[in-house]
Amino acid sequence: MDATKLEFLRGTLDVLILKSCVWGPLHGYAITSFIREQSDDALLLEEGTLYPALWRLESKGLLQSDWGLSENNRKAKFYRLTAKGRRQLQQETTTWHTYAAAVSKVLAAEQPNRPLAEEIR
Amino acid sequence: MNLNRMWRRYDRLLGADVASDINQELRFHIEAKAESLMAQGWAEDEARKEAERQFGNLGALQGEGERIGNRIERRKRLREYWSDVLQDTRYGFRKLARSPGFASFAILTLALGIGLCSVIFAFLNGALAPLPAVPEPERLAIMQAPIPYPWFKTYQGDGYAAWKAAAFMSPAPFNVSFEGEGSERVTGILVSPEYFETLAVHPQLGRFFNTRSEREGSAPVVVVTERFWRTRLHSDPHAVGRRLRINGSVVPILGVCPRGFFGTGTGSLSVPDLFIPVTSNAAIAPELRDNVLHRNTQPAFWLLLRLKPGTTIATAEAQLDAETRHLQTRPQQKGKLAHLMPDGTVMPLPPEARAILYIFYGALVLAVLGLICANLGGLMLARGAARFKEIAIRLSIGANRFRLVRQLVTESAVLAILGGFAGLATAILIFRLLRRVQADSNPLLDVLISGPDFKVALFTFAISGLVAIGFGLIPAIVVTGLDTADVMKAGLFNGLRGHRRFGIRNLFVVGQVMAAMTLVLIAGFIVIGAQTGSKVDPGFDSAPISFFSVDPTRDGLTGPECAEALRRIPERLARLGGVESVSLADGPPVSKSTPDTKVSVPSIGDRSVAFQRVGPNFLTTVGAAILRGTDFEDRTLLMDDGSGKVLPIAINQVAATDLFQSEDPLGRRIQVGEQAYQVAAVVRYLPMTILGGHAVPVILAPLTVNDLQRSDIEGTTVVIRAYTPVGIAAINSELAAIDPRITIFHPQTMPEYLSEQDRLASMITASYTPIGVFGLILACLGLAGVTAQTVQRRQKEIGIRIALGARRMDALRLVMGEGIAMVLSGAVLGFLVASGLARILAAISAPMAQVIGPAASDPGLTLGIPSFFVLLAAIACYVPARHAASINPLVALREE
């Protein structure tokens, strides 16, 4: 599978962004790096999608932005998780785990003993 | 992580710049990306290009960012604003809770003042409310003067494209009896068959009139109001077809009106319960006699129009005007002939009358609100003074002045809103009381006092808001505009010293006295005008006199039968025990009190007088003293129409001087219309002037047989002079002996009648006295408060003066002098405003001129009210000023 083509499932981008900020404020570039590194380069976040997502999260009150200085002393905008964002992250994480487990379980299923059609009848 | 707050502060200073924020954010990302690429060995140019390429459409991204950023920014500002407001409100409540005395005084003041204004507004709102139970009332119009019925037919034919027309007569009394019960007088109205169709009203039961069934001369039918049906017919579901005996005829009920419907407003408070078609034969109502439907000379009908869409009052008026010019016998007459006015409101008013209403009540409301604002404004300033240190400290450590003003105004807004609720509650309470007193007595009154609706509530809160700004803003600006250094050093009072004489606080006092003075004077003019105007002294002893009315034409007697019966009534009643003398008149004694009849006196000119027709023995019966001449008595007139003869009359002293000045009135001729009269006597006879105060000139003319055959709405009054009361039963049996159909109504003794006439005056007194008293009390409280404050402010100064040998009287004079000076200047200003207002009102409205005119020009009143006011104000000053005289210099100087 070509890693660069791996697209974000709807809704998962937001939760990944929230997760990136969970240990402290990060700027946009750091968030892309974080997601790429954590996914072992499997998930490549496009800038054109990242920033609108960040701003949307800020306008929803899940993130809060502040100007600060980056590691190499440049002015950068840092995003911090708000209390509301933290709650949202917890909730989304639980949902995601349940969902992923369920999907994997179904996908890993083997052929049932009886043909399905019989059960319907 | 190295977050630098400086950026944020910097950003605040200049205000957020969303576009550059986004740009910088994206720029940073590209640089970081390029750097990381370079670290992987890319050339600088290539790396930069690659980084930008990965971004895709940078412009679109920037645009989207700005859109979202601006939204965030807007929301943030709004949130900050509201959280400030919330904070201020909470702070305001806390402050008020900490001074419950001030808060309750202020809320009480506001409740009374705002409640008063709301009641006034609710009445106006009720009077100008759309007509109940009539669809699209705004398209109804009515001609301001009555017209003959044939004219209505003409208007109906020609103008059909522009309107639907109907005609009706003024409400009149009908004698109605129910099965097996005695008769009652019920107000009814004669309407053309198109009436209900024009109003577009549909019956609740049965049917209404229409031009097909209701033809001229047909048997009478009646439509009753829902109120009549409910109260007199006990909501009988089978009421349609039941028969009522009306003025002697048996009339079936055709239909019942929808609830709340009482026809269209006629400008009077009497509203009909019965609707009878004008096409009924004349037996049912004397108004229909003499072929009135076909006579061009009897303007007895009101023209009601429902204008079609696209027709305005003005265009309809123009059409009617042109039509009327053809109809008039003297077509050369100049000026507008047809005057329409909107008829879609409970009280229809011509535009001029509406203007008067607005001016008068507008001025009243403004004066009340001005008074409250000045009063509470002064108090707020005093409270601001008490908090000067807090405010000064906040200002000097960099509080935003605008923010502080807003906080102080929020405090007054909290008060005003609480006051607004209390005011609304007051208004509702007043209306509830009124309704309890007036329950079901008159459907029109029911609408008028239906009480506050959402419009009134809206009005109440609008004026509360105005009041909040009025009494909160100026003190807030003054208090926050002080020199903080001065205040910190010496206290607010010294800070204000520079403008002590013409300071803002004194302005409040002067304004308050002015508004109170205006209120007290206007209320005083009206109350005292009404009181003195209705002073009841008929010029004779009223105790032995009683009277009742009969209306034999409405009992079903024909003209000649009626005249015969009326001739016999005095003769028969005079035989009853205790009765001294009996006479007839066309209304209760002294009831004709408006000079509404034009008479012409040869070689003197035209004059207006009150005109009353009386029967033989009238002067003896009421006991009116004949000052000159002899009683005029001509029994033959009761059988003769007197045409061609010169009839004898008596005039009162007022008429003697009005008509003939110093000349001898006896034997002089007077012409009234076609009839010639000759003065036979001058008598003491003074009609009560209900509102006005000027004595009215009266002519007493003999009743003729014509008058007896055709009675007006009041019927004919039988006046009895007796020293022992005469029982109704005795009278009834005597009348029954003359004709069993005759019923009596309105039996009253003269003293009862006089005191009832006084009721209008007492009603006016009851409604305007509270306004005046309210003004007076508020002004005095305000004055006392400000004077007390002055004493405290100048405590040190007074202490020094006393220590240096000033007498205590001097201290008193010092404080009183200032108070009195303010009171006097406010009183003069208020006097000017009130008399100017009285003059304007008198100029535009005749009834107002009658009420206010004499009072406003009476030197006893115009000087008396202000003097009384100033006296009270002086007392209000004196009480706290006395404290100044008792200042102990040692104590005063030790403070501070």
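What follows is a short walk through a predicted model with two chains, A and B, taking the chains one by one, then the interior of chain B, and then the interface.

Let me begin with chain A, which has 121 residues, of which 40% count as buried. Its secondary structure consists of 5 helices and 3 strands, and if you follow the elements from the N terminus, they come in the order α-β-α-α-β-β-α-α. Among the contacts in chain A that join residues at least 6 apart in sequence, 51% are between residues at least 24 apart.

Chain B has 896 residues, and 49% of them are buried. Here there are 29 helices and 22 strands, and of the contacts between residues at least 6 apart in sequence, 81% join residues that are at least 24 apart.

Turning to the interior, I would recall that in soluble globular proteins nonpolar side chains tend to be buried together. In this model the largest nonpolar core contains 78 residues, and those with the most contacts inside it are Leu110(B), Leu364(B), Phe471(B), Tyr768(B), Leu783(B) and Phe869(B). Helix H17 of chain B, which covers residues 504-533, gives the most to this core, with 15 residues. Where does this core lie with respect to the domains of chain B? Domain 2 (99-128 + 352-497) and domain 4 (500-537 + 748-896) of chain B both supply residues to the core, so it lies between them. Leu364(B) can serve as an example, since, if we leave aside neighbours within four places in sequence, Leu364(B) is in contact with Ile120(B), Leu519(B), Ile522(B), Tyr768(B) and Ile771(B). Apart from this core lies another, of 44 residues, which includes Ile147(B), Ile246(B), Val278(B) and Phe301(B).

That brings me to the interface, where the contact involves 28 residues of chain B and 26 residues of chain A. The area buried between the two chains is about 2,700 Å², and carbon and sulfur atoms give 60% of that area. On the polar side, 10 residue pairs are in polar contact across the interface of chain B and chain A, with both residues at pLDDT 80 or more. There are 2 salt bridges between the chains, and the side chains of Glu31(B) and Arg74(A) meet in a salt bridge at 4.0 Å, N to O. On the side of chain B that touches chain A, the elements giving two or more residues are helices H1 (5-14), H2 (18-39), H3 (44-55) and H4 (58-98) of chain B, and H2(B) gives the most, with 12 residues.

Technical notes. Residues are numbered from 1 along each chain as its sequence is written. Chains are lettered from A and ligands numbered from 1 in the order in which they are written. This is a predicted model: local features need pLDDT of at least 70, side-chain atom pairs count only at pLDDT 80 or more; totals for chains, interfaces and linings use all residues. Side-chain values use heavy atoms; hydrogens and water are left out. A nonpolar core is a set of buried Ala, Val, Leu, Ile, Met, Phe, Trp, Tyr and Cys residues joined through side-chain atoms within 4.5 Å. Buried means under 20% relative accessible area, exposed over 50%, partly exposed in between (1.4 Å probe, protein chains only). Helices (H or I, at least four residues) and strands (E, at least two) are DSSP runs, numbered from the N terminus. Domain bounds come from an automatic or database domain assignment. Contact means heavy atoms within 4.5 Å. Buried area is the accessible area (1.4 Å probe) that two parts lose on being put together, summed over both. A polar contact is a pair of N or O atoms within 3.5 Å; within protein, one must be able to donate a hydrogen and the other to accept it, and residues adjacent in sequence count only if both atoms are side-chain atoms.
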